[in-house]
Each structure stands twice: as structure tokens, then as C-alpha cells.
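Reader: I am new to reading structures. Please take me through one part slowly, and show me how the charged side chains pair up.

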Amino acid sequence: MINGNPIIQMRNISKGFGRIQALDGINLEISGGKIIGLLGANGAGKSTLLRHIIGLYLADEGQCITFGADAGKLGPKELGRIGYAHQEGELLEWMTVKQLVRYVSAYYETWNHELEEKYIADFDISTGDRVSSLSPGQRQKVAILLATGFDPELLILDEPASSLDPIARSQFLDLLLQLIQDENRTIIISSHILSDVEKVIDHTIIMRKGRILRDSSFDSLREEFLKVTLTSLNGQLPKELPFENPISCERSSSQAILTVQNYASSDLEAKAKEINCTVDIKPLSLEEIYKIVVIRG
Amino acid sequence: MSILTANMKHLYQCRGAWFGYLIILCGVPIALFFTKFDDRYLGYLLISFWTGVFAGNMQKDVLTKPFSFCLPGHRRIPKLFIFWIGGVVNLILGCVFLLYPGLSFPYVLMAILAGGFVGMILYFHGVCIPLLKLKTLLGMYLYIGLIVVTIFFKWDKVVQNIIISWPIPTILAGGLVCVWFWRLLGRDSLARRHCGRLVCGEFDTSLKAQKYRQAQADRKLTAAKAKFFERLHELFLRRMNRYEFLGKGRYIWGNFYMVFGRGFGTWQMKDVLASCALISFLVLFFGFVCKGEGVNLLFVILALVVLSLDLLPYGSMLFPAGRAEKYYSTLVLAIIITFLAGVLTLALTGISVLLETLLPEFGSKAEVLSYHGMDIGLFYIFLLVIPIALSCAVAFPRNLIVKIIIVVVFMQGWIISAGVLKQPLIDVIGPVGVVGLVALCWIGFLVVLHYVCMRRSLVGQGR
């Protein structure tokens with residue numbers, strides 16, 4: 001759960017497609033001004049969850065409220081505050097990029113032409129090209145522009161950077177960092193490129209098989225899972241290390257590298273002192289945390 | 001896994017092919033019907049042709065996959081597949097000559113072989129359409145041409161006599177064609193030509209077809225066409241900008257542009273010419289056959305054209321328009337489409353009535369062919385069918401097989417009801433009844449549209 005005034009509330013949402021249960025009893029609250037990383041394997045239900053937020057899917061059971069309205073009944077006023085870049089890259093193929101941008105901008109009073117020009121220049125988008133002739137990476141850039149161009153309050157990015165090259169990905173992250181300068185803006189980003197995501201998110205939701213495994217702030221996750229390197233001061237480590245149920249442990253005679261959960265740094269230092277060791281404590285990367293959470297269920 | 005199994009695994013992915021098998025199976029009773037009642041033994045050539053189309057389509061689909069190009073020893077598999085399928089199917093079909101009266105056993109064997117080779121020639125024609133870049137439309141016109149010639153001039157009886165009278169020369173000629181085709185399919189260029197290409201088969205999904213058409217249109221984009229698109233774009237933007245932001249009017253015009261833009265965007269002159277040619281052919285063909293009774297089937301056919309439209313496209317592009325806005329804008333669109341299709345239908349009705357006065361009768365004394373125009377009094381059929389077609393277009397936007405089945409059901413329904421009722425529907429239930437039925441169909445459309453817009457998934461798997 002996220003503290004504060006929620007802009008999205010999901011209560012016991014379930015959704016199935018034939019025999020596949022895409023979402024299974026999802027309860028979630030998202031408050032404004034956060035950048036949320038939505039993580040999960042292929043088929044975990046990330047895109048389905050995002051589509052419920054904007055009413056493209058309707059739940060079989062439960063209720064989804066976005067900006068105070070039932071997601072299935074969102075009107076132009078609410079949808080005019082939401083930007084959505086989707087993984088299919090579905091765009092109006094017959095238009096040129098310039099025509100497409102003009103067409104989409106015609107729907108929004110708040111379209112930011114300065115941002116549009118800057119974005120086109122930074123991302124090196126050729127506006128004269130026909131959308132159908134764009135490469136997957138170029139399409140994604142255009143999709144991101146269309147989703148962000150009107151300064152939406154809620155920005156939903158479903159696998160936005162999967163086709164971008166490393167430079168474009170870095171530019172995209174810069175853009176996200178610019179966008180989060182607005183304190184009221186909420187961004188939900190679903191991605192498999194965790195090394196990128198961890199640079200910008202402040203909250204994490206991890207999904208598996210239609211269920212939410214974790215819903216917590218990124219800081220608390222980084223505090224919860226730690227990598228501990230113990231080095232013995234007198235040559236040999238004791239046979240039994242004083243840590244209960246470590247997640248992993250690799251050791252030699254004088255050194256051990258452990259991954260532990262729910263230990264305070266002060267506790268770790270005290271325990272290291274007990275066995276006459278020096279200790280080096282580091283937080284895990286998002287990718288490592290993700291693997292642990294998903295594998296341990 | 002054997003190379004042939006790898007090839008077949010590709011084929012299983014083509015779900016549309018199952019519909020193809022169904023068409024081929026349906027051809028068997030038709031062929032036997034002609035054999036029994038009219039002593040015409042070559043009805044099975046229809047099946048040969050369609051088997052060729054499907055076999056060619058399947059192998060084209062396989063050849064486009066880079067995997068098939070790289071797989072060692074796979075290059076000769078498509079050729080073997082095509083010849084095995086064609087050989088077995090046509091040999092079985094040629095057995096229809098077992099029913100031919102008065103032939104001795106050795107002679108009937110030769111007739112079966114000769115009939116099989118004639119079947120192979122039609123089969124190869126079918127294979128050529130998808131596989132050897134024989135233009136689909138040209139191929140289909142040749143096929144339709146064959147049917148027309150068969151109906152009016154009974155050419156199949158001539159070929160049948162050749163098979164019976166000169167089976168050995170027929171076998172030799174068929175064998176030569178097979179050798180020539182074997183060499184043609186043996187070229188390395190066949191695999192290279194198809195590898196990695198974006199192609200579209202006759203039964204591919206509408207999404208793939210749209211992508212393919214767009215790619216083709218892009219290749220042939222001229223400066224004049226680009227200018228036309230720009231003007232069209234400006235026109236719609238001006239219309240949109242007349243209405244307030246986040247208002248219904250802006251979205252209705254925008255949606256109108258989105259739906260029709262797809263059509264304009266992939267528009268090509270050859271498509272327009274092909275459509276005109278097809279409509280002209282239908283108006284003429286149906287006016288002459290079945291003593292002109294078939295011509296009114298055009299009221300059904302023209303209404304069914306709307307089945308090809310996707311009225312709720314680009315669902316995953318988020319615009320400031322909710323489900324209610326989508327409902328209203330699609331309803332407006334449906335009314336506009338009905339109006340435009342209605343005007344076209346009335347224009348064709350007028351033309352066919354004019355043709356009735358202009359076209360002379362022709363034929364022999366035994367069978368005089370005279371042209372009959374469409375009956376304007378039956379226009380209500382169009383109004384009855386179009387809401388049903390629109391409902392199906394909304395409910396099954398991407399399911400080509402369902403759409404084809406709907407077309408077949410309507411055609412069969414028309415023929416059966418004509419046989420059962422023996423008089424126009426309006427004479428049976430009266431004008432009030434017809435008005436009530438039309439209203440009922442439109443209410444049905446509103447219910448379907450409301451359900452799709454308000455209750456169903458707008459994108460992805462649930463759509």
C-alpha cells in the first residue's frame with residue numbers, strides 16, 4: 001500500500017482470458033507524485049493491470065477507480081489527464097510523424113509544443129517519414145512523445161524502452177527525470193530492463209502469475225535485502241555463521257558472501273564483531289532483489 | 001524431427017487453413033451433384049484449384065520464415081509437398097471416371113489418370129496464385145472466368161470428351177506440364193524470393209493484411225498522393241478544431257478520420273479498378289443467370305461489404321475519449337456508412353434497370369439469355385442486412401473466418417428463403433412487418449454496439 005491520497009485504487013480485481021487467469025485478486029492503491037516500477041516476467045499480468053487502470057479492460061470481479069471515477073466509465077476529462085505508451089506500438093500507420101503529432105495534439109488543450117520540439121530534436125525523429133516505415137525503436141520514441149506531449153498527470157509506460165538503443169534509452173531516462181520534476185505527476189513504468197528502471201523509481205510492484213508479490217517503496221526493499229561480505233581477521237571463519245536463514249551464502253576458508261533479509265546494518269556489524277570479522281554491507285541491485293522475490297514467491 | 005515435420009509444424013500455425021479444408025470438403029458434394037444429374041465429371045476441378053491455392057499458400061507461409069531457408073535440406077520440401085498433395089488429391093478425384101458408363105477396366109484406368117493430370121493443371125494454377133507471384137486478382141478472375149465459361153459454354157464437356165476419347169495424349173500432355181512445373185519449383189530463387197518477406201495469404205489475419213497493404217501503398221506513394229493525404233489531413237483537423245477540447249464533436253470527427261484514413265492510406269488505383277470490375281461483373285453475371293432472379297442478391301452482397309470494416313480501430317492508442325464517446329462516435333459512423341452504402345446500392349440499382357432496357361437477348365433457341373435489372377422494391381433487404389453486417393463487424397473485427405462464414409450463411413439463407421417463400425418477403429409479412437423487422441435489426445445493432453463499447457475489452461486478447 002502507498003500512503004497519501006490515492007489516484008488509483010484497485011479492489012480485489014480479477015480478470016481471466018479463457019483458461020488463463022491474468023489477474024487474481026489484485027488490491028492496490030497508488031498515490032500521486034510517485035514513480036512506480038511495475039516488474040514481472042512475461043505473462044505476469046503487468047499490461048493487463050495497466051489496461052484496467054485506463055478502462056481498456058474491465059475486471060471480471062472487483063473494482064478499479066482512477067481519478068475518483070470507475071475506470072470503465074472514465075470520460076474525456078479523466079482520460080485527458082492520462083498518457084499511455086503501450087508495448088504494441090500501434091500508431092496511425094498512414095500518416096507522417098508530423099501529421100500524427102498534429103492529429104494527437106489536436107485532442108489536448110495543454111499540448112506542450114516546446115517539449116515536442118525539444119523531444120523531436122533530442123531523439124532525432126524524422127517528422128517527414130511515414131509512421132509505417134519507422135523502425136521499432138523510432139516507433140517507440142514517437143509513442144513516448146505522444147504519451148508525454150500534453151504533460152499528463154498520470155503517465156503509464158508499458159515496456160517503453162524495449163526497442164530503444166542504449167543512447168536512446170539513456171535519453172529516455174533523462175526525459176523521465178525531467179518529467180518527475182513536477183511533483184504532482186505520477187509515472188507507472190513497466191519494464192524488463194531493471195538496470196534502467198532502478199535509476200528513476202521510488203516504488204516497486206512485483207507481480208507473478210496475476211498476483212502482486214511485493215508492493216513497497218524501493219528504499220525499503222533495498223534496506224530489506226543486503227549483500228554482506230565477511231572477512232575473518234584471524235585467518236579462519238567459524239563453521240557456523242551467526243545469521244539465520246541467509247538467502248545465499250558463498251564462502252571460502254576466510255571469506256563469506258551472504259545475501260540476507262531483514263537485518264539492520266547495526267545488527268550485522270555486531271554479529272561480525274562476535275566472530276572477529278570485518279563486514280562490508282551493500283544493498284542489492286533491483287535485478288537481484290527481483291530474482292529473490294520472484295523465486296521465493 | 002524430420003525436415004518434412006518441421007515444414008508441417010509451420011503449417012499448423014495457419015488457422016485459416018482449416019477453413020480452406022472445409023471449402024475443399026464442401027466441393028465434393030457439389031462435384032458429385034453435377035456428375036449425377038448432368039453427366040458432367042469435371043466438377044472436381046473446383047476442388048483441385050482450391051487445393052492448389054491452399055497448398056501454395058501454406059508453402060509460401062513456410063518459405064517466408066528465415067528458419068526454412070536455413071534448414072539444411074529444406075529447399076526441396078515445398079516442391080515435394082506440393083506434388084504429393086496434388087498427386088494424391090487429383091488421383092482420388094480422377095476416380096470419378098469410375099462412374100462413367102460403358103468403359104472397360106483398362107480404359108477407365110487411363111481415364112482416371114488423364115482426369116488426374118487435368119486436375120493437376122488446375123491445381124498448379126491454384127498453386128501459382130500465392131507462390132509464383134501470379135497476381136491474386138488476376139488468378140481469381142481467371143478462375144471466375146473458367147466458371148462463367150463452364151456455365152454458359154459447357155467447356156468442361158469438351159475437356160471431358162477429350163479425356164475419354166484421347167486419354168494417352170492427355171496423360172502425356174499433363175505429364176509434360178508436371179515436368180515443367182517441377183523444374184519451375186526447383187529453382188533456388190523461389191526460396192530466396194520469399195525468405196523474410198512480408199507477405200499476406202488469402203486467409204491471413206486482417207491485422208497482417210492491413211500491414212501488408214500499408215507496406216505496398218508506401219512503396220507506391222507518389223507526390224500527388226502525398227499531397228492528397230495532406231489535404232485530407234488538413235480537412236479533418238479543421239473539422240475537429242471547430243469543436244471544443246474534450247467535446248464529443250472533436251472525437252467524432254477524429255474517429256471518422258481514424259477509421260476512413262486507414263482505407264485512404266492504403267488506397268491504390270488497382271484496388272479501385274478491381275472493385276469496379278468486380279461490381280460490374282456481379283451486376284452483369286447475376287442479371288443473366290437464374291432468369292435474373294439472382295440479381296437482387298446484390299442487395300445482400302453490397303450490405304455485407306461493411307463486414308470488412310473495423311469500426312473501433314487503434315484501441316491501444318489512448319485518446320481523451322471514454323467508452324461512451326466510442327459508442328456515440330461509432331454509432332454516427334455506422335449511420336454515415338449506411339448512408340454511403342445505400343447511395344451506392346441505389347445507384348447500382350438504377351444502372352442495372354437502365355441496362356435491362358439496353359442489353360439485348362442472346363443465346364440459342366433452346367436457352368435464351370436476357371438481362372434483368374435489380375428490383376428497387378427490394379431495397380428493404382439492404383436495410384435489413386446492413387445492421388446485421390455492422391453488428392458482426394463490431395463484434396468480430398479481426399476474425400476473418402467468422403466473417404466468411406457469415407457471408408456464406410447469408411448467401412445460403414437467401415437461396416433457401418427464395419425457394420421456401422417463393423415470393424418477396426414484403427408480400428409475406430407486409431410493409432409494416434418489414435418496417436418492424438428493419439427496426440428490430442437496428443435495435444439489435446445498438447445492443448451489440450453498446451455491449452462491445454461498454455462491456456468488452458477494447459484491446460488485446462479480450463477483443
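Author: What follows is a close look at the salt bridges of chain A, with Glu93(A) and its partner at the centre.

First, the setting. This is a predicted model. Chain A has 10 helices and 14 strands. Its C-alpha atoms fill a box of roughly 70 × 45 × 35 Å along the principal axes. Of the 297 residues in chain A, 55% are buried. Take the contacts in chain A with a separation of 6 or more: 68% of them join residues 24 or more positions apart. The accessible surface of chain A is about 13200 Å², and 44% of that belongs to carbon and sulfur atoms.

Now the charges. Side chains of opposite charge can pair when their charged atoms come close. Chain A carries 31 positive and 40 negative side chains. The centres of these two sets lie 5 Å apart. Over all chains, the structure holds 12 salt bridges.

Start with Glu93(A). This residue sits in the loop between β6 and α3 of chain A. Its side chain meets that of Arg139(A) in a salt bridge, 2.6 Å from N to O. Arg139(A) lies in helix α5 (residues 136-148), so the pair ties together parts that are 46 residues apart in sequence. Is Arg139(A) buried or exposed? Its relative accessible area is 15%. Buried means under 20%, so Arg139(A) counts as buried.

Look around Glu93(A) next. Leave aside its neighbours within four places in sequence. Its contacts are then Arg130(A), Val131(A), Ser132(A), Arg139(A), Gln214(B) and Tyr314(B). Gln214(B) and Tyr314(B) belong to chain B. For a distance, take Pro136(A): the C-alpha atoms of Glu93(A) and Pro136(A) are separated by 13 Å, and the two residues are 43 apart along the chain.

Chain B deserves a word here. The contact between the chains takes 43 residues from chain B and 38 from chain A. Together the two chains bury about 3600 Å², 62% of it on carbon and sulfur atoms. How many salt bridges are counted between chain B and chain A? The count is 1. The side chains of Glu234(B) and Arg102(A) meet in a salt bridge, with 2.7 Å from N to O.

Back inside chain A, compare some other pairs. Arg211(A) and Asp24(A) meet in a salt bridge of 3.2 Å, N to O. This pair links distant parts of the chain: Arg211(A) is in strand β10 (residues 211-217) and Asp24(A) is in strand β2 (residues 20-31), 187 residues apart. Arg211(A) is partly exposed, at 48% relative accessible area. Asp24(A) is partly exposed too, at 27%.

Asp151(A) and Arg185(A) form another salt bridge, their closest N and O atoms being 3.6 Å apart. Both residues sit in loops: Asp151(A) between α5 and β7 (154-158), Arg185(A) between α6 (166-179) and β8 (186-190). They are 34 residues apart. Asp151(A) is partly exposed, at 34% relative accessibility. Arg185(A), in contrast, is buried, with 6%.

Finally, a salt bridge need not stay a simple pair. Arg169(A), Asp196(A) and Lys199(A) are linked in a network of salt bridges.

Conventions:
Residues are numbered from 1 along each chain as its sequence is written. Chains are lettered from A and ligands numbered from 1 in the order in which they are written. This is a predicted model: local features need pLDDT of at least 70, side-chain atom pairs count only at pLDDT 80 or more; totals for chains, interfaces and linings use all residues. Side-chain values use heavy atoms; hydrogens and water are left out. A salt bridge is a side-chain nitrogen of Lys or Arg within 4 Å of a carboxyl oxygen of Asp or Glu. Helices (H or I, at least four residues) and strands (E, at least two) are DSSP runs, numbered from the N terminus. Buried means under 20% relative accessible area, exposed over 50%, partly exposed in between (1.4 Å probe, protein chains only). Contact means heavy atoms within 4.5 Å. Accessible areas come from the Shrake-Rupley method with a 1.4 Å probe; for residues, only the protein chains shown count as cover. Lys and Arg count as positive and Asp and Glu as negative; His and the chain ends are not counted. The place of a charge is taken as NZ of Lys, CZ of Arg, CG of Asp or CD of Glu. Buried area is the accessible area (1.4 Å probe) that two parts lose on being put together, summed over both.
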